[in-house]
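The following exercises are meant to be worked through with the sequence and the coordinates at hand. Each task is followed by a solution that goes step by step.

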Amino acid sequence: MTMVTPTAISASTRTSHRYSRRVEVGVDVHDVHDVVHALCHFGDQYLTRVFNEEEIAHVRAHPLTDAVFLTGRYAAREAVVKLLRLDNAVPLRALVDLSGVASVRVELRGEALDAARHKGITEILLSIDHGRRFATAIAVADVDNLNQGGPP
Amino acid sequence: MSSITDDIREILLSHGQMSVAISTLDDDADLYQNGLTSHASVNVMLALENNFDIEFPIQCCENQRSSPWPPLPRPLKSWN
């Protein structure tokens with residue numbers, strides 16, 4: 001009978017994690033009041049700089065939940081920015097764009113696109129949740145070591 | 001008559017939601033290190049645009065999208 005010691009399991013897990021697969025994660029929690037503040041002060045100027053036409057059309061069609069929806073989308077962009085480790089980047093739609101409502105797809109541009117390529121990230125998955133006060137988003141990416149454009 | 005610096009400090013006070021008193025910050029202080037969040041920085045950017053009648057350029061170049069992201073799967077890449 002082969003005995004598997006905890007040390008052996010630990011070593012195997014570390015090896016597998018290090019050489020076979022790496023996962024990058026970004027998370028954000030955002031206050032709905034911040035988005036309400038921005039909507040009240042800047043209206044369409046805020047909407048068009050941060051959100052895309054699809055998102056703006058969605059909130060026009062669902063005005064009762066507009067701030068909650070937008071907070072979730074902002075949190076999603078911020079989670080992607082954190083995943084990519086873009087320090088102090090402002091997650092405008094020009095940097096991180098999202099499409100779809102039920103199933104959200106990420107599109108990167110500019111600095112975000114460069115960072116994803118450099119890290120060897122080929123896909124980013126998002127999960128977004130909303131409450132009345134806060135919205136949260138988690139972004140997860142599989143890092144393809146063979147596709148990596150630079151050091152991890 | 002207020003200076004540009006005074007106007008910027010006023011905007012930071014109104015929209016920056018900073019965790020420190022604006023009056024205690026030097027002109028070259030790192031705002032993020034002093035509690036400016038990314039969302040508040042959007043508000044500050046928009047307020048500066050309105051106050052000074054300017055528009056900040058978005059650092060997004062269409063020509064950087066010449067190759068697709070997500071990248072093509074490796075087997076497809078090798079055929080291109």
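**Exercise 1. The nonpolar core**

In this predicted model, state how many residues the largest nonpolar core has, which of them have the most contacts inside it, and which element gives the most to this core.

Solution. The largest nonpolar core comprises 48 residues, and within it V80(A) and A112(A) are the ones with the most contacts. Turning to the contributing elements, α4(A) gives the most to this core, namely 10 residues. As a last step, take A112(A) and set aside residues up to four places away in sequence: what remains in touch with A112(A) is L84(A), L86(A), L95(A) and V96(A).

**Exercise 2. A residue of helix α4**

Determine whether A67(A) counts as buried or exposed, and list its contacts beyond the neighbours within four places in sequence.

Solution. Begin by locating A67(A), which lies in helix α4 of chain A. Next, count its surroundings: A67(A) has 22 C-beta neighbours inside 10 Å and therefore counts as buried, given that the cut-off for a buried residue is 20 or more. With neighbours within four places in sequence left aside, A67(A) is in contact with V32(A), V35(A), V36(A) and L39(A). For S99(A), which is 32 residues from A67(A) along the chain, the C-alpha separation from A67(A) is 18 Å.

**Exercise 3. Two helices of chain A**

Describe how helix α3 (residues 53–61) and helix α4 (residues 66–83) of chain A pack.

Solution. The axes of these two helices are 9 Å apart and form an angle of about 155°. Because of that angle, α3(A) is roughly antiparallel to α4(A), the cut-off for this class being over 145 degrees. The crossing in which α3(A) passes α4(A) is right-handed. On the side of α3(A), E55(A), H58(A) and V59(A) take part, and they meet D66(A), F69(A), L70(A) and R73(A) in α4(A). Sorted by class, this contact has three nonpolar, one polar and three charged residues.

**Exercise 4. Packing between chains**

Carry out the analysis for helix α2 (residues 32–50) of chain A and helix α2 (residues 38–52) of chain B.

Solution. Here the angle is about 65° and the axes are 10 Å apart, so α2(A) is roughly perpendicular to α2(B). The two helices cross in a left-handed sense. From α2(A), the residues D34(A), A38(A), H41(A), F42(A), Q45(A), Y46(A), R49(A) and V50(A) meet H39(B), V42(B), N43(B) and L46(B) in α2(B). By class, six nonpolar, four polar and two charged residues make up this contact.

Key. Residues numbered from 1 in each chain as written. Chains lettered and ligands numbered in written order. Predicted model: local features only at pLDDT ≥ 70, side-chain atom pairs only at ≥ 80, totals over all residues. Axes fitted to C-alpha atoms, helices over the stretch in contact; angles between N-to-C directions. Helix = DSSP H or I, 4+ residues; strand = E, 2+ residues; numbered from the N terminus. Parallel < 35°, antiparallel > 145°, perpendicular 65-115°, else oblique. Left-handed = near helix turned anticlockwise from the far one by under 90°. Contact = placed C-beta atoms within 7 Å. Nonpolar A, V, L, I, M, F, W, Y, C, P; charged D, E, K, R; others polar. Core = buried A, V, L, I, M, F, W, Y, C linked by C-beta atoms within 7 Å. Buried ≥ 20, exposed ≤ 12 C-beta atoms within 10 Å, placed from the backbone.
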